[in-house]
Amino acid sequence: MSQERPVRTLNPEVARKIAAGEVIDRPNAIIRELMDNSIDAGATCITVEISGGGIDKIRIIDDGTGMTKEDLDNCARPHATSKIESEVDLMNLSTLGFRGEALASIAAVSRLSIQSGGYKMRASITEDHIIEAAAPLKGTIVQAEGLFENFPARRQFLKRPATEGIMCRNTFIEKALARPDLAFRFIADGETKLDLPAGQSQKDRFVMANSYSEGPDLFFEFGNSSGGENPEWSFNVVIGEPAVSRTNKKEIFIYANGRRIQEYSLVQAVEYGAQGFFPNGTYPVAAVFAQVRPDLIDFNIHPAKREARFSDISALHHGLSSTIRTFFHQYTYSNFTEDKPADEERAQDFDFTFPSESSANNSTSIPASVQRGTAAPSDSFYEKHISYKASETKSENLSDFRSKYLGIKSGNGLSSNTTWTPKASGTQSLAEAALAAASSQNTEVTAPAQTKIRYIGPCLGTFLLVEKNNCLYIIDQHAAHERILFDKLMASQGDSARQPLLIPYKIKTESKSQDNQLEKLKAELTRIGFETEHTSDGLWEIKTIPERWTGTEYDLRTLLFVKQVEPKEIIRSIAAMTACKAAVKDGYILDDITAARLAEEAFTLEDPHCPHGRPIYTVISREKLFELVKRT
């Protein structure tokens with residue numbers, strides 16, 4: 001060791017400041033620790049007061065069990081706690097506070113005073129537990145003043161008081177969310193900012209505490225448990241409907257045993273559960289309140305208890321994502337069924353298909369392989385069955401076209417040598433051309449089937465306008481077709497084709513839990529096309545893959561072990577991608593017959609959203625239109 005820098009023991013004052021910096025880094029950390037203590041003390045009403053963003057003063061008042069004179073004499077000493085006695089207790093924690101560092105750390109960086117049980121104690125870096133008589137009161141009042149006034153190097157890194165005040169408020173909300181049975185009040189610079197009554201539902205507390213503009217009626221509360229007399233975990237979820245969405249994941253809150261933690265896996269579970277119900281690029285507003293058996297979770301890995309280590313989080317991850325997915329599926333279906341336009345005469349077995357040219361009725365159809373979801377339409381399919389564009393110079397005998405595409409028999413007065421050529425500018429559908437030609441020859445073109453909707457026409461190259469039940473429906477043609485193909489793919493996934501791998505994937509697991517996870521998933525992976533075998537050398541071999549799988553061995557491993565995606569979600573992802581690529585694109589002009597059929601099929605879908613969560617259509621009622629144009 002260099003003689004210039006010998007090893008020394010730090011003096012107690014410096015050591016306390018360093019230790020305090022791990023727990024108390026800014027005013028909101030004091031609020032976090034003191035609110036934990038108040039909740040642990042059995043308080044039913046907790047008031048938090050701050051001045052100057054908490055830098056000048058923080059005061060916490062509660063009506064809990066209070067402290068004795070002996071408690072006050074010991075409470076602010078390093079590692080003094082009433083929550084645990086031995087290291088065994090660390091594996092079975094039932095309280096929010098337990099380390100015995102909070103009060104000592106607060107005293108090291110501010111002027112701390114605690115009043116309880118007829119006594120008042122003062123402690124700071126210059127005062128050591130000075131106790132004096134005070135007026136008796138129920139509960140405890142804890143006050144911290146002049147944060148970091150004796151530690152200028154740390155004080156200079158604090159934000160402006162307004163910013164620190166916002167962080168204090170957020171920490172207050174974080175603590176209040178987990179306990180809707182308790183009353184909380186937040187006062188900043190003498191003004192009451194939040195007053196949360198006791199006995200609220202979890203949903204009402206969540207919406208009120210966060211001051212969301214969306215009301216409680218747009219949020220839902222539900223839960224699940226692993227079952228049994230002594231379940232390992234359970235959870236409650238508060239989540240907004242798809243109309244309540246955000247562009248980031250910041251408003252997905254994860255709680256474990258009353259503490260908010262940073263747990264990527266459970267945020268991901270919420271995201272996966274809501275996938276397909278929220279529009280692309282948006283995330284739900286949600287809070288998960290999980291209760292995990294204390295010996296299966298360790299909070300003693302972060303000084304501020306922001307993180308936790310789970311013994312095995314996979315079952316909770318699966319339960320959370322599947323419960324959210326099931327809820328939204330049922331909610332979407334029931335909500336859509338209630339709002340579905342009444343049409344008792346509509347044929348429920350209507351099939352949006354385009355029969356082949358050799359079909360007996362000569363009607364238009366998507367090839368059988370496409371409607372079953374086993375193949376994607378080719379470019380020639382779009383050219384033949386969906387539209388002709390202005391850049392093309394194709395022409396077609398009109399009588400053949402009418403017979404082939406519209407089901408109109410010959411002999412109705414149209415000349416057999418009449419042809420149609422696309423216009424030089426813009427686009428025109430085949431049906432429009434046929435109708436125009438028929439009109440010019442005073443010939444009536446009959447629709448192939450009577451529908452219960454009135455198709456008005458295309459709009460902006462993307463939408464189909466439909467009138468039904470005194471409402472105007474604006475249908476996204478791509479989203480509607482995408483959902484139709486996706487549903488067909490998902491319905492046939494159990495029989496999906498698979499292809500053998502010349503060189504099998506070889507996955508080496510890193511733990512026994514990963515082996516157990518693959519063992520549980522083996523049957524489901526095989527069903528969707530990943531034939532899996534555990535070899536004698538400890539590796540897992542994947543011998544076949546689904547026909548449409550485009551990923552790699554690394555991708556599959558990431559999905560299973562990092563993202564913890566369930567097998568059915570893997571196949572759902574594949575189906576969504578396939579349907580999206582195969583569906584009619586924006587800019588394609590559908591002929592009137594095909595467009596009407598697509599619109600009719602859109603009304604038969606159980607879920608009126610594309611696989612990525614976008615709504616298939618929007619509805620404007622006659623009354624709303626009258627209101628928009630100021631018509632009475």
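Here, "buried" means that a residue has under 20% relative accessible area. The views below come from a predicted model.

**Figure 1. The whole chain, for orientation.** The protein chain has 632 residues, and buried residues make up 48% of them. Its secondary structure comes to 19 helices and 26 strands. Among the contacts in the chain with a separation of 6 or more, 67% join residues that sit 24 or more positions apart.

**Figure 2. Helix 8 and its buried residues.** Helix 8 covers residues 264–274, and nine of its eleven residues are buried, so the rest of the structure largely encloses it. The buried set is made up of Ser265, Leu266, Val267, Gln268, Ala269, Val270, Tyr272, Gly273 and Ala274. Following helix 8 comes Gly276, with a positive phi near 95°.

**Figure 3. Gly273 of helix 8 up against Arg325.** Gly273 lies in helix 8, and its relative accessibility of 0% puts it among the buried residues. Look across to Arg325: this residue is 52 residues away along the chain, yet its C-alpha atom and that of Gly273 are 4.4 Å apart. Setting aside neighbours within four places in sequence, Gly273 touches Ser321, Ile324 and Arg325.

**Figure 4. Helix 2 packed on helix 6.** Two packed helices are described by the angle between their axes and the distance between the axes. For helix 2 (residues 27–40) and helix 6 (residues 161–177), that gives an angle of about 25° with the axes 8 Å apart. Helix 2 is therefore roughly parallel to helix 6, as angles under 35 degrees count as roughly parallel. Their crossing is right-handed. On the helix 2 side, the contact is made by Pro27, Asn28, Ile31, Arg32, Met35 and Asp36. Helix 6 answers with Glu164, Met167, Cys168, Thr171, Phe172 and Lys175. An α-helix has 3.6 residues a turn, so residues three or four places apart point the same way. Sorted by class, the contact of helix 2 with helix 6 contains six nonpolar, two polar and four charged residues.

**Figure 5. Helix 15 alongside helix 17.** The axes of helix 15 (residues 512–528) and helix 17 (residues 567–582) come within 9 Å and cross at roughly 20°. That makes this pair, helix 15 and helix 17, roughly parallel. Helix 15 brings Leu521, Glu524, Leu525 and Ile528 to the contact, while helix 17 brings Pro567, Lys568 and Ile571. What classes do the residues in the contact of helix 15 with helix 17 divide into? Five are nonpolar, no polar ones take part, and two are charged.

**Figure 6. Helix 18, from its start to the loop after it.** Nine of the eleven residues of helix 18 are buried, so this helix is largely enclosed by the rest of the structure. The buried ones are Asp592, Thr594, Ala595, Ala596, Leu598, Ala599, Glu600, Glu601 and Ala602. At the start of helix 18, Asp591 has a side-chain oxygen that reaches to within 3.1 Å of the backbone nitrogen of Ile593. Past helix 18 (592–602), Thr604 sits in the loop that leads to strand 26 (617–621). Is Thr604 buried or exposed? Thr604 is buried, with a relative accessible area of 18%. The Thr604 side chain points back to the backbone oxygen of Glu601, reaching that atom at 2.7 Å.

**Figure 7. Helix 14 crossing helix 18.** Helix 14 (residues 477–491) packs on helix 18 at an angle of about 65°, and their axes are 10 Å apart. The crossing of helix 14 with helix 18 is left-handed. Gln477, Ala480, His481 and Ile484 of helix 14 meet Leu598, Glu601 and Ala602 of helix 18. By class, this contact of helix 14 with helix 18 has four nonpolar, two polar and one charged residues. Glu601 is thus a link to the previous view, where its backbone oxygen is reached by the side chain of Thr604.

**Figure 8. Two loop residues with positive phi.** Most residues other than glycine have a negative phi. Phe148 has a positive phi near 60°, and so does Leu460. Phe148 is in the loop between strand 6 (140–145) and helix 5 (152–155). Leu460 is in the loop between strand 20 (454–459) and strand 21 (463–468). Their surroundings contrast: Phe148 is buried, with a relative accessible area of 0%, whereas Leu460 counts as exposed at 73% relative accessibility.

Note on methods: Residues are numbered from 1 along each chain as its sequence is written. This is a predicted model: local features need pLDDT of at least 70, side-chain atom pairs count only at pLDDT 80 or more; totals for chains, interfaces and linings use all residues. Side-chain values use heavy atoms; hydrogens and water are left out. Axes are lines fitted to C-alpha atoms, for helices over the stretch in contact, and angles run from 0 to 180 degrees between N-to-C directions. Helices (H or I, at least four residues) and strands (E, at least two) are DSSP runs, numbered from the N terminus. Angles under 35 degrees count as roughly parallel, over 145 as roughly antiparallel, 65 to 115 as roughly perpendicular and the rest as oblique. A crossing is left-handed if the near helix is turned anticlockwise from the far one by less than a right angle, and right-handed if clockwise. Contact means heavy atoms within 4.5 Å. Ala, Val, Leu, Ile, Met, Phe, Trp, Tyr, Cys and Pro count as nonpolar, Asp, Glu, Lys and Arg as charged, and the others, Gly among them, as polar. Buried means under 20% relative accessible area, exposed over 50%, partly exposed in between (1.4 Å probe, protein chains only). A polar contact is a pair of N or O atoms within 3.5 Å; within protein, one must be able to donate a hydrogen and the other to accept it, and residues adjacent in sequence count only if both atoms are side-chain atoms.
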